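User: I'm new to this and keep tripping over the vocabulary. Could you take me through it with the structure on screen?

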Amino acid sequence: MKHIITIAAAMTLAMPAYAADPAKPADAPAAPASQAPTPAAPTGTVARAQFTTAINDREPADAVTSLGNDQTRIYYFTELKGFEGQKVTHRWEHDGKVMHEQAFDVSAPRYRTYTSKTFDPSWTGEWKVSVIDGSGATVSASTLSYTKAEASPAPAPAAQPATPAAPANKP
């Protein structure tokens, strides 16, 4: 019986250590049950970004920095690395006004994508496309000058056939 009383006394003395933290006063505010970890800042790089007049086999056909308004379709191509699992947006702006946004869910470590825009010929001026990461930060931007197309020169008049020379008189 002595052993049972000794064990019971030891348990009674030990219980308060489990019931409350002696380092904190009873009226201290409780710690939040669980804090969500701060999401990591989006990472990744834009390996290539360019305006182009066409896309062939998921690659840009050319690189352009200016376009005449006799052409109305333009593409913006990007190759993204390290953005897998994130959302990336192409933001098209004309003279500082947002004209179009297209978001992509990046599904691979290397991701090639493009957007296109059909311009009204009157929308001359500077166009900018920004690549925006999931946190809203601009990670790349390119500009394009959309200009009034130069009038092509008038075709030269058709050449008139030469008048045959009069036969020379022989003495």
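User: How do you know that strand β6 and β7 pair, and in which sense?

Analyst: First, a word on the source: this is a predicted model, where local features need pLDDT of at least 70, side-chain atom pairs count only at pLDDT 80 or more, and totals for chains, interfaces and linings use all residues. Residues are numbered from 1 along each chain as its sequence is written, and side-chain values use heavy atoms, leaving out hydrogens and water. Now, two strands pair if DSSP finds at least two bridges between them. β6 (residues 87-94) and β7 have eight bridges, in the antiparallel sense, so they count as paired.

User: What makes β6 and β7 strands at all?

Analyst: A strand is a DSSP run of E with at least two residues, numbered from the N terminus. β6 spans residues 87-94 and β7 spans 97-105, so both qualify.

User: Which residues stand opposite each other in β6 and β7?

Analyst: Among them, Arg 91 stands opposite Glu 101, and Thr 89 faces Ala 103 in β7. His 94 has Lys 97 as its bridge partner in β7, and Trp 127 as its partner in β9.

User: How do you know that β6 pairs with β9 too?

Analyst: Six bridges join β6 to β9 (residues 125-132), running antiparallel.

User: Why is β6 called largely enclosed?

Analyst: Buried means under 20% relative accessible area, exposed over 50%, partly exposed in between (1.4 Å probe, protein chains only). Six of the eight residues of β6 are buried, so the rest of the structure largely encloses it.

Note on methods
Helices (H or I, at least four residues) and strands (E, at least two) are DSSP runs, numbered from the N terminus.
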